[in-house]
Amino acid sequence: MKSKTSPEEIKAAILKAPEKPWHNPVSNEQPVITYKVCHAVTKGQEAIIKGMLAKTPIISFGNTTQSELFIAHSATTTRTEVMGKSIYGSDIVTITENGGGFLFLDKGSKTYAQMAKEQKIKHYYKERFKAKTIVDLEKREAVIEIESPYKLKYVLQLDRDEKLGAFTKDIVANVIGCPTLFAAAGVDLDPVIRAGMPVKGETFMLSGAGAWESISSFVISDVSVARDRKDLFEVPKGYKDLREIYRQQKGNGGSKVNFPTVVIGDNRNSANSPSGAPDKGDGPTGTSSQALTFSSTEVNRIPECFPETYGAKVSDLVDEKLLDDIKFLVNTVTKRLNNFSGNNGTLTLDWLNQVEAEANALEAGAGGTSTPGTGLFHLLHNDTSTGVLDSLAKKSIAGLLVSGNNLSDIGLSAGLQATINGIIANGSITPQNRFSSLSGPNQDIVIKHYVFNKIGTVSIAYPTSSGTQSFVAGLLNVAVNNIAFNVAINDTPVVSNLNFDGGGIHLTVNLPDASGSAYLDIWVSSGYWAAVVGAGIACFFGVGCEFLALLIAVGLLVDSTSGPATIDLQNLSIDAEIGLVPNAVQVLQPKVTMLHLNATVHTTWTPSVSLGLNNLIDDIVSVVADHTSIILNAAQSAIQSKLNSYLDKDLGITYPPKFGPVNLTGIGNNVDFEANKFGYVEENLNAGSLGIIDPYVTQIDSVLEPNILTLRDKFKVDFEDTEAAMNGVNGSLLGWATLDFTSVARYYLGTVLSQNFINYYIYSLWRNGSFNFNFSTVQTHVIYDVVRAAFPALGLPPFNSKMMAHLWPSVPPRTLFTPAPASTGEYYATTFFDDVRLCFEATEKITIEFSFAAQAYTEIGFGGLNSTTGQLDLLKVADRVFDIYFDLSHLGVQVINPEVQNFVIPGMQPAINFDYTPLTQMQTLFAQVLKWSLVSRDNSCIPHGTGDPVYLQRYAIGTSNAWGSKNAGNPLAAVFQLLPYKGNLYVSQGLSGLITGILEGTDDLDIDTMTADTATIITAFI
């Protein structure tokens, strides 16, 4: 069936209000017949009919497969009421005047829509039907068989009650179809009308096997004829015009619709694998064997006894204990949090403000700063900038200022911002001194703003709209807009899992209660009105032509059905996997390779118009659930992106980390995660060269993981774990405070630095001129006096201040590990300067150059130099994780291989018997000048405890005190145990000190009960 009116004209006509209000055409004097009709779809045939009616949105078998209608006919008007749920709608009424307009009523929302005569759609069948009608009066049966374009058959049982004859045509129109339209299309219903009133009927369709199969049926009952039924055709009191609601689009006045609970997550995420294909670079990294830059044939010509490599290897082992303690600390914080809210596309996690608010509330009581539970905030941050977060902030701020970042995003006052801008613009202030150039009070202000606005507040962007989605064959559109979230923490620990698994670090965060709000819009597409045109097929399935008008009302109502929705996210959880992924140069970077938001979603919708008419409720339930899933998918994508951006841009984490000027390129990697035990990562690296000058490399052990695991066990033997130590003093705070921490530490991680890698680093320093040195005037005077005495024949003039001397290694220095001296506690590395040049220049154009070789005993130190203490500090900003230092005061510098020494003087001529004896007077000077050039790398800055061997380093964290014999004054320290083995340096690392007692949750060191007074004492040390 088609319409002679275009879809655009249909919509325009529908939206046009009738010139006159509804006038009831029925009087109480007119007889009115009433009856009930029950339509039912034959069991098992729902899918077939759905396929036939795919573009007829009036039909929905999701509500029920049967429908009960109450129908009333007068001589001029027909009233059809849907009783409860039906495939046509729920609690709706249509009143149609013969040759006139019609009225639609929705009992649920108490709304109506009036259509004038000129607004009715004139339908017709564009195809002629080939059909025959056979009536058997004896059997009181009529059969209508349609051969084309559809293979259909109606079998009707008739009633010959003469009293009902006047209404037979109207009854046929309702239960079969419009006789006039059918006749015009080639189906003659007049024989049926003359034979009697249909009281029962069944529709059949020809199956593929050639047999007739029942599709649907109807039964008429409770037939009654009476007068005084005018009220059935009135607009009930209190009903509102649907058009006005459509125009106003108000988001209130409706009744709540509670959708069924939908569990999302498992099915939604099943297609989202935890990691992508390795060849796309978006999944966790596994074993990758790659060749070095030279060919395998070249390598094979070099023999080896054991598995060895020429690559530069770096590896790390992280113990599960570190993740356990991080989980403990995070949950300690979340036990003080209430909720986070998200509006306008941003979910704000202002966690530190909430920790502070709780502390302030407790301190306001009678106990003040001695109230249990007040200590955590003061441990994290305080006005003296000595909290744990303050120490982290200092390092981050200093690093940002070094890079030229002016901290404009942390909310500083205009005046302080101008001061920082001026410091950065001041060329006389070195980048490393920018932070220290601020006054003490200004430093505290900057630290506070950074702590609260960068560390203590995390903002996550999420989409505020799901975007437009279509359903019901594209006829209806839906969108979820203005989305806001509230994540309730309710003072509970939220991290349930933080552990290693087979693919990386597995993180699970459970949020006890989360809710959201949104505005749900549903509207008809342009295709809907076109579908109205082609809905005539419904007439063949027991849906009379009177119901085609209902399509118009459905479209109008759906276009009005928008309203606020609340989203209850129960059991909300974040399930994430953090792996290591190679970047463009094959250096590993941490990446959140998988993040899922899972929840049980329950939605409550308050539409502006009730859904009494809308028979698509099941579809809408599904759509709302899907759209909540879409929002969560978008939110989880935003969170994953935010975390990866934080890891990449804010933290700049790579593996291996950046080492100053070293330009690293990965040539292979290996990752091994053992569930609930450890995570191991190994990177094989290559470095660039000048083309003709390369770093020093040699064969080194290529098997690292078993050794680092062995040394982890050794560390746990050499150092008692803090938990065992706390048990040893029976949890006593006094016993803990007086404990000797010399041999107490918790193992967290191990690092391997290969000799080749260290030489890559030294090579990069050399290329950047880091070992070049210009001597001071005083030093130049000393050098000149020695040279003048050694070369009297040159007749050098007296020294003057314009004379210059400088030194540089002409080839890259090379560092080798020394396992034998290390085994006796002496030194574990030494560096050879194979060709050092010392050049002296006088004002009289006299130039003398010396060449010699030397050896300096070497240590590896970590962190940056704290200029206040003169010691390395792990929290001090530095552009490299480790650096190379030399023992200049104890073992000193030794001149080696004197036979290779040389000098060049003006006018020197080649001769076999040239006199090199002046070099004998230069030996002490050669050692001295190299010491002067290396003074900035004096190993005295590397912290050791009293009596510790050279391979044991102890870094006080956040304190200016030396370690001392019993860790005096150091509440927290990192312990590094170094061991050279087969060309690799193994560094086992643990944490020691008083504050580690916090991790055991004992007595006054229990963070949950710690007082502000105790925290102040602890931070005073820090």
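These legends walk through several close-up views of one predicted protein model.

This is a predicted model, in which local features need pLDDT of at least 70, side-chain atom pairs count only at pLDDT 80 or more, and totals for chains, interfaces and linings use all residues. Residues are numbered from 1 along each chain as its sequence is written, and side-chain values use heavy atoms, with hydrogens and water left out.

**View 1. The whole protein, with its 25 helices and 44 strands.**
Helices (H or I, at least four residues) and strands (E, at least two) are DSSP runs, numbered from the N terminus. Of the 1022 residues in the protein, 51% are buried. Here buried means under 20% relative accessible area, exposed means over 50%, and partly exposed is in between, using a 1.4 Å probe and protein chains only. A contact is a pair of heavy atoms within 4.5 Å. Among the contacts with a separation of 6 or more, 72% are between residues 24 or more positions apart. The protein exposes about 43,700 Å², and carbon and sulfur atoms supply 53% of that. Accessible areas come from the Shrake-Rupley method with a 1.4 Å probe, and for residues only the protein chains shown count as cover.

**View 2. The largest nonpolar core, with 138 residues.**
A nonpolar core is a set of buried Ala, Val, Leu, Ile, Met, Phe, Trp, Tyr and Cys residues joined through side-chain atoms within 4.5 Å. The residues with the most contacts inside this one are W351, I397, V446, I783, F850, F862 and V929. Helix 21 (residues 755–767) gives the most to this core, with eight residues. A second core, separate from this one, has 36 residues, including I33, A195, M205 and I215.

**View 3. What F862 touches.**
Leaving out residues up to four places away in sequence, F862 is in contact with L753, L872, L874, V881, F882, Q953, Y955, F976, L978 and V987.

**View 4. Helix 24 (residues 923–933) and its buried residues.**
Look for L925, F926, A927, V929, L930, W932 and S933, the buried residues of helix 24. They pack against two-residue strand 32 (773–774), helix 22 (777–790), strand 33 (804–809), strand 35 (829–841), strand 36 (847–862) and strand 40 (893–896).

**View 5. An open sheet of twelve strands.**
Two strands pair if DSSP finds at least two bridges between them. Reading across the sheet, the order is 9-10-11-12-13-2-3-4-5-6-7-14, and the pairing is mixed. Strand 9 (130–136) and strand 14 (240–241) are the edge strands, each pairing on one side only. Strands of a sheet pair through backbone hydrogen bonds, either parallel or antiparallel.

**View 6. Strand 2 beside strand 3, with helix 3 lying across them.**
Strand 2 (residues 32–41) and strand 3 (residues 66–73) run antiparallel and are joined by eight bridges. One spot to find is V37, whose bridge partner in strand 3 is L69. Helix 3 (residues 168–175) also lies across strand 4 (77–82), strand 12 (197–206) and strand 13 (212–226), and runs at about 25 degrees to strand 2. That angle is taken between N-to-C directions on a scale from 0 to 180 degrees, with axes fitted to C-alpha atoms, for helices over the stretch in contact.

**View 7. Strands 10, 11 and 12, and the loop leading into strand 10.**
Strand 10 (residues 141–148) and strand 11 (residues 152–159) are antiparallel, with six bridges between them. E145 stands opposite K153 in strand 11. Strand 11 also pairs with strand 12, again antiparallel, over eight bridges, and L152 has M205 of strand 12 as its bridge partner. R140 sits in the loop between strand 9 and strand 10. R140 is not a glycine, yet its phi is positive, at about 55 degrees. With a relative accessible area of 46%, R140 counts as partly exposed.

**View 8. D319 at its place in strand 18 (residues 312–319).**
D319 has a relative accessible area of 5%, so this residue counts as buried. Its side chain makes a polar contact of 3.3 Å with that of K716. A polar contact is a pair of N or O atoms within 3.5 Å; within protein, one must be able to donate a hydrogen and the other to accept it, and residues adjacent in sequence count only if both atoms are side-chain atoms. Leaving out residues up to four places away in sequence, D319 touches F500, K677, R712, K716, Y747 and Y748.

**View 9. S992 in strand 44 (residues 984–992).**
S992 is buried because its relative accessibility is 0%. A polar atom of the S992 side chain lies 2.5 Å from the backbone oxygen of V744. The C-alpha atoms of S992 and A973 are 5.2 Å apart, although the two residues are 19 residues apart along the chain.
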